[in-house]
Amino acid sequence: MGRNGWLRWGMLALMFAGTVVVYVDRGVVGALSPILKKEGFFTTEQYSYVVSAFQIVYSFAQPVAGYLTDLIGPRIGYAVAALVWGLAAALQGLSTGWLSMAGFRALLGLSEAAALPTGTKMSTLWFPSRERSIATGWFNSGSSIGAMFTPPLVIWIATSYGWRPAFLITGSLGVAVSIAWWVFYRDPDKHPSLSPQERAYIYEGRDPPTGAAQKPSLKPLFAHWRFLGIVIARFLTEPAWQTFQFWIPLYIVTVRGMDIKQFALFAWLPFLASDIGCIFGGYLAPFLHKRLHLNMVNARLTTITIGALCMVGPALISFVVDPITAILCFSLGGFAHQMLSSMMYALMGDVFEKTEIATATGVAGMFGYLGATIFTLVLGALASTVGYEPMFAVLFLFDLAAAATLWAFIGVRPGTAEAQAAA
């Protein structure tokens, strides 16, 4: 780091902080769901509508947000998005019923849609290929960190001051992110503090920017056979993370009978494991590339496969009786899912050009959140009859199918010209 400079890591830290706040603001309603349901604010099925309002708007907004990020650049797009999502998150505290909360959640989904396309583009712009999985692992770990701190923080605020201040306080963090991003972020070709040595290191193995903005296009994007594999994989894997974030509190408190304050003491464990999975996966792929001489694409796919196998944790929940053991099963699932999730973001830089990165991430994210929305509505409808546990087991099968799909569509066969290019 010292030899090649430090500025790219500063940009990564800025993106990481923004991702933490994204998932704090997104997850407040999940942490408060047992309290809100107990107060009669919504039923289990109505809660699924509140969650789905965010998911459906977020899904369709991601391609637009990704396209605009490629078109106008990360600095302006992310600063505006953070300001809007901070205000939307705070406004949830003024909700008078589940319908108004669903409306504010929709606005939150519209604005937060810029987060992952921006993060993926930032890691591609600021990091060389061999460090990209590490960069995406670290910035994506912000989702786990944010989700980890949200339950104890929000439950403490809610039990001390009421649930409405919990929304207002956490929403203000988004406004702070908007200001910090606008002040400190620049693309590498426009950053005055970037040293020539670090600039050369970042652009190693690829052409530096020409200075002329290239308009992103959807047509070449959908011409990619490999993009179809990513779309299918995102559709299958996104329900897991959405389930962890929005349904664990309601399940553990209402089904497993754990007190809300006791749950706050353990609620961070699945997300700490998720954070470890993000970082571990980021370093595992380069390790496999170097030690086992796999090309980088197949190294990332191998990491994804290991993560899919470890998703067996949620499938085992029906066999345990202790709520803390159930939380540990979710923890294994969180570790597994975020390991494979960060690798899918890293794959975007392997498959697409820099001018397409945010657009491709947004479109793939749209299909991912459509899958999550469908799963959320089905879970909300069946939780009281079929139960939660069979639905949790389905997540394991989804991730296995996603890994197989990625190998079929993106896997690089040894000895081919593609293998040499991806090495």
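A disulfide is a pair of cysteine sulfur atoms within 2.5 Å. With that cut-off in hand, we can start our walk through this predicted model at its cysteines. The structure holds zero disulfides. Take Cys 278, which is in no disulfide: its nearest cysteine sulfur belongs to Cys 310 and is 14 Å away. Cys 278 is also buried, with a relative accessible area of 0%. What about Cys 310 itself? The closest cysteine sulfur to that of Cys 310 sits in Cys 329, 13 Å away, which is too far for a bond. Unlike the buried Cys 278, Cys 310 is partly exposed, and its relative accessible area is 22%.

Let us turn from sulfur to charge. Side chains of opposite charge can pair when their charged atoms come close. How many salt bridges does a search of the whole structure find? The search finds five, and three of these pairs are worth visiting in turn.

Begin with Glu 131 and Arg 8, whose side chains meet at 3.1 Å, N to O. This pair links distant parts of the chain, since Glu 131 belongs to helix H6 (residues 129–161) and Arg 8 to helix H1 (residues 7–38), with their positions 123 residues apart in the numbering. Glu 131 and Arg 8 are buried. The pair also has company: Arg 8, Glu 131 and Glu 198 are linked in a network of salt bridges.

The next stop is Asp 70 and Lys 121, which form a salt bridge at 2.8 Å, N to O. Asp 70 lies in helix H2 (residues 44–72) and Lys 121 in helix H5 (residues 115–126), so this contact ties together parts that are 51 residues apart in sequence. Here too, Asp 70 and Lys 121 are both buried.

The salt bridge between Glu 238 and Arg 234, at 3.3 Å, N to O, has another setting. Where do its partners sit? Both are in helix H10 (residues 225–254), and because they are four residues apart there, about one helical turn separates them. Glu 238 and Arg 234 are both buried.

Lys 121 brought us to H5, so let us stay with that helix for a moment. A quick check on its geometry works out nicely: at 1.5 Å a residue, the twelve residues of H5 should span 16 Å, and the end C-alpha atoms are 16 Å apart, which agrees. Is H5 mostly covered or mostly open? It is mostly covered, as twelve of its twelve residues are buried. Among the buried residues are Pro 117, Gly 119, Met 122 and Trp 126, along with Lys 121.

Asp 70 placed us in H2 as well, and that helix leads to our last feature, the second largest pocket. About 260 Å³ of space lies in this pocket. Its lining has 15 residues, and those nearest the centre are Ala 65, Leu 68, Ala 81, Leu 110 and Ala 114. H2, helix H3 (74–91) and helix H4 (98–112) are the elements that give two or more residues to the lining. Which of them supplies the largest share? H2 does, with six residues. As for chemistry, the lining of the second largest pocket divides into twelve nonpolar residues, three polar and no charged.

Key: Residues are numbered from 1 along each chain as its sequence is written. This is a predicted model: local features need pLDDT of at least 70, side-chain atom pairs count only at pLDDT 80 or more; totals for chains, interfaces and linings use all residues. Side-chain values use heavy atoms; hydrogens and water are left out. Buried means under 20% relative accessible area, exposed over 50%, partly exposed in between (1.4 Å probe, protein chains only). A salt bridge is a side-chain nitrogen of Lys or Arg within 4 Å of a carboxyl oxygen of Asp or Glu. The expected span of a helix is 1.5 Å times one less than its number of residues. On a 1 Å grid over the protein atoms alone, a cavity is a set of points where a 1.4 Å probe fits but cannot get out, and a pocket is an open set with protein on both sides within 12 Å along at least five of seven lines; lining residues have an atom within 4 Å of a point. Grid points are joined across faces, edges and corners, and a volume is the space filled by probe spheres set on the points. Ala, Val, Leu, Ile, Met, Phe, Trp, Tyr, Cys and Pro count as nonpolar, Asp, Glu, Lys and Arg as charged, and the others, Gly among them, as polar.
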